[in-house]
Amino acid sequence: VSSFMLMQSTVTAAAGHGITSTVTGSEGVLISGVTFNAVRNTALSATEALGSWTIEGNLSRGPIGAHGVSMSGGDATVQVIGNTWEIDPDDREDPDDPDAPPAKAVAGDAIRASDALGSWTIEGNLSKGPIGGDGISMAGGDAQATMTVRNNTFENINGNGISAQDALGSW
C-alpha cells in the first residue's frame with residue numbers, strides 16, 4: 001500500500017493489534033485523531049515503514065497489551081507528535097478483583113523503534129501511565145538516522161524514560 005490515512009476513528013482489538021502494517025507508506029501515512037480502546041497486542045505496529053509517517057493527536061485509553069507505537073525496520077520520516085496514553089484509574093488488571101493492581105495503560109513501551117532508519121521526531125507526547133516498559137525505546141539503527149526527541153512527558157513508567165541501545169545516528 002503506497003498511502004494510508006486513518007482519522008477521527010475508534011479502534012478496539014480484543015484479539016490482536018489495533019493497526020498493523022508491513023512495507024507501507026511510500027506516498028505517506030497519516031494516523032490522526034484516533035482513539036485506541038482496549039487492544040490485546042500493540043496499538044500501532046509497523047514493519048518496514050516507508051515514506052512519510054505522521055502519528056499525531058491520538059488518544060490511547062487502553063489497556064494496551066504490548067506497545068503503544070512499535071516500528072521495526074524501514075526507511076521513513078516518522079513524526080510521533082501530541083499523542084496521549086492514559087487509563088481510567090478504576091480499571092484493574094483483574095476486573096473481578098477490586099483489590100487487584102490498576103491496569104497498565106501500555107504493558108510494554110509507549111514508543112518503540114528497532115533498526116530505525118530515516119528521520120524521527122518524537123515530540124509533545126503525554127503518557128500518564130502506568131507504562132510497563134520504557135517511555136521511548138530505540139534499539140539498533142543506522143548511522144545516517146536522525147532522532148529528535150523533545151517536550152515529552154512520561155509519568156509512572158516501570159522502565160526508563162528514554163532507552164537507547166546501539167542507537168546510531170544523530171541525536
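Me: Before Gly65, what counts as a strand here?
Reply: Strands are DSSP runs of E with at least two residues, numbered from the N terminus. The model is predicted.

Me: OK, where is Gly65 found?
Reply: Gly65 lies in the loop between strand 7 (59–60) and strand 8 (69–81).

Me: Buried, exposed or partly exposed? Still on Gly65.
Reply: Gly65 is partly exposed, because its relative accessible area is 41%, and partly exposed covers what lies between under 20% and over 50%.

Me: Which residues does Gly65 touch, leaving out those up to four places away in sequence?
Reply: With those left out, Gly65 touches Val39, Arg40, Asn41 and Ala107.

Me: And how far apart are Gly65 and Arg40 in space?
Reply: C-alpha to C-alpha, 4.7 Å separates Gly65 and Arg40, while in sequence they are 25 residues apart.

Me: Switching to Thr35. Which strand is Thr35 in?
Reply: Thr35 belongs to strand 5, residues 35–39.

Me: Why does Thr35 count as buried?
Reply: Thr35 counts as buried because its relative accessibility is 17%, and the cut-off for buried is under 20%.

Me: What does Thr35 touch, not counting residues up to four places away in sequence?
Reply: Thr35 touches Ser9, Thr10, Val11, Leu59 and Arg61 on that count.

Me: Now strand 4. Why is strand 4 largely enclosed?
Reply: Four of the five residues of strand 4 (residues 28–32) are buried, so the rest of the structure largely encloses that strand.

Me: How many bridges join strand 1 to strand 4?
Reply: Five, and strand 1 (residues 3–7) runs parallel to strand 4. Ser3 has Gly28 of strand 4 as its bridge partner.

Me: And how many join strand 4 to strand 6?
Reply: Four bridges join strand 4 to strand 6 (residues 44–56), and these two run parallel. Opposite Val29 stands Trp53 in strand 6.

Terms used. Residues numbered from 1 in each chain as written. Predicted model: local features only at pLDDT ≥ 70, side-chain atom pairs only at ≥ 80, totals over all residues. Heavy atoms only, no water. Buried < 20%, exposed > 50% of the residue type's maximum accessible area, 1.4 Å probe, protein only. Contact = heavy atoms within 4.5 Å. Pairing = 2+ DSSP bridges.
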